[in-house]
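Subject: Structure for you to look at

Hello,

Here is the structure I promised you. Please open it and keep it beside this email as you read.

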Amino acid sequence: MNLRPACRILGIVLALSASGFPAAGAWAKPGIQQTVKQIDRLIAQEVFTEETKLASPVSDAIYLRRVWLDIVGDIPTPEHVTAFLLDPAKDKREKVVRELLSNPQYGQNWARYWRDVILYRKLEDRAGVVANPLVVALTERINDNQPWSKVAAEFITSSGDIRENGLTAIHAA
């Protein structure tokens with residue numbers, strides 16, 4: 001599993017957040033677009049070369065499948081696909097992203113991803129004991145939209161039984 005591109009993108013986002021990214025509640029519509037353009041520009045500088053050709057936009061059906069897999073780690077039901085494809089709204093792609101981000105599966109999907117990142121280079125197999133409690137702890141924090149700085153502080157200062165407190169995973173890994 002090559003984590004290098006994901007780590008670079010995470011680094012870009014963290015650098016932006018440390019350099020004056022507005023707080024989540026303070027974003028106005030124009031600020032969001034400006035932020036999106038800034039993130040796109042930084043990612044493009046890091047990832048793309050002059051020879052890179054971007055793919056053309058995908059159909060609504062392909063978009064829906066991809067966004068479901070990316071955000072909640074599952075495919076949409078046939079009912080979701082039908083409703084999305086028949087929706088005439090111009091902002092239906094934005095709406096589906098907002099809906100999926102409020103779905104509890106979002107936190108669980110990304111908690112599993114971060115569990116794999118944290119435990120990828122575990123020093124001993126006994127660290128696997130913390131896998132499930134780690135997913136539970138991270139799912140709660142991701143779904144509660146806690147800032148990563150708070151989650152990191154909780155990891156660093158965690159204590160207790162690794163079978164019960166998933167935040168102690170960093171010590172077991």
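**What I found**

At 46% relative accessibility, Glu140 counts as partly exposed. Glu140 sits in helix α7. Its C-alpha atom is 8.3 Å from that of Gln108, although the two are 32 residues apart along the chain. Bear in mind that this is a predicted model.

**The overall picture**

The protein has 9 helices and 0 strands. Read from the N terminus, its elements run α-α-α-α-α-α-α-α-α. There are 173 residues in the protein, and 24% of them are buried. Now look at contacts with a separation of 6 or more. Of these, 59% join residues 24 or more positions apart.

**Helix α3 and its partners**

Start with α3, which covers residues 60-72. Two packed helices are described by the angle between their axes and the distance between the axes. I went through three partners in turn.

Take α4 (residues 78-86) to begin with. The axes of α3 and α4 come within 10 Å and cross at roughly 130°. That makes α3 oblique to α4. The crossing of these two helices is right-handed. On the α3 side, Asp60, Ala61, Tyr63, Leu64 and Trp68 make the contact. On the α4 side, His80, Val81, Phe84 and Leu85 do so. By class, this contact of α3 with α4 has 7 nonpolar, 1 polar and 1 charged residues.

Next comes α5 (residues 92-101). Its axis and that of α3 come within 10 Å and cross at roughly 20°. Is this pair parallel or perpendicular? An angle under 35 degrees counts as roughly parallel, and α3 and α5 are therefore roughly parallel to each other. Their crossing is right-handed. From α3, the residues that meet α5 are Asp60, Tyr63, Leu64, Val67, Trp68, Ile71 and Val72. They meet Lys92, Arg93, Val96, Val97, Leu100 and Leu101 in α5. The residues of the contact of α3 with α5 divide into 10 nonpolar, no polar and 3 charged.

Then there is α6. Here the axes of α3 and α6 are 7 Å apart, and the packing angle is about 65°. The two helices are therefore roughly perpendicular to each other. Leu69, Asp70, Ile71 and Val72 of α3 make the contact with Gln105, Tyr106, Asn109 and Trp110 of α6. By class, the contact of α3 with α6 has 5 nonpolar, 2 polar and 1 charged residues.

**A closer look at Val72**

Val72 lies in helix α3. Is Val72 buried or exposed? At 4% relative accessibility, it counts as buried. Leave aside its neighbours within four places in sequence. Val72 is then in contact with Val67, Leu100, Asn103, Gln105, Tyr106 and Asn109. Asn103 is 31 residues away along the chain, yet the C-alpha atoms of Val72 and Asn103 are separated by 7.7 Å.

**The nonpolar cores**

In soluble globular proteins, nonpolar side chains tend to be buried together. Look for that here. The largest nonpolar core has 16 residues. Those with the most contacts inside it are Ala111, Ile118, Leu119, Val130, Leu134, Leu138 and Phe155. Which elements give two or more residues to this core? They are α6 (104-119), α7 (131-143), α8 (148-157) and α9 (169-172). The largest share, 6 residues, comes from α7. Another core, of 9 residues, lies apart from it. Val72 belongs to that second set, and so do Ile71, Phe84 and Leu100, among others.

**Two loop residues**

Ala127 is placed in the loop between α6 and α7. Its relative accessible area is 2%, so Ala127 is buried. The C-alpha atoms of Ala127 and Ala172 are separated by 5.1 Å. Along the chain, these two alanines are 45 residues apart.

Asn145 lies in the loop between α7 and α8. With a relative accessible area of 60%, Asn145 is exposed. Check its backbone too. Most residues other than glycine have a negative phi. Phi of Asn145 is near 60°, a positive value in a residue other than glycine.

Have a look at these places in the viewer.

Best wishes

Key:
Residues numbered from 1 in each chain as written. Predicted model: local features only at pLDDT ≥ 70, side-chain atom pairs only at ≥ 80, totals over all residues. Heavy atoms only, no water. Axes fitted to C-alpha atoms, helices over the stretch in contact; angles between N-to-C directions. Helix = DSSP H or I, 4+ residues; strand = E, 2+ residues; numbered from the N terminus. Parallel < 35°, antiparallel > 145°, perpendicular 65-115°, else oblique. Left-handed = near helix turned anticlockwise from the far one by under 90°. Contact = heavy atoms within 4.5 Å. Nonpolar A, V, L, I, M, F, W, Y, C, P; charged D, E, K, R; others polar. Core = buried A, V, L, I, M, F, W, Y, C linked by side-chain atoms within 4.5 Å. Buried < 20%, exposed > 50% of the residue type's maximum accessible area, 1.4 Å probe, protein only.
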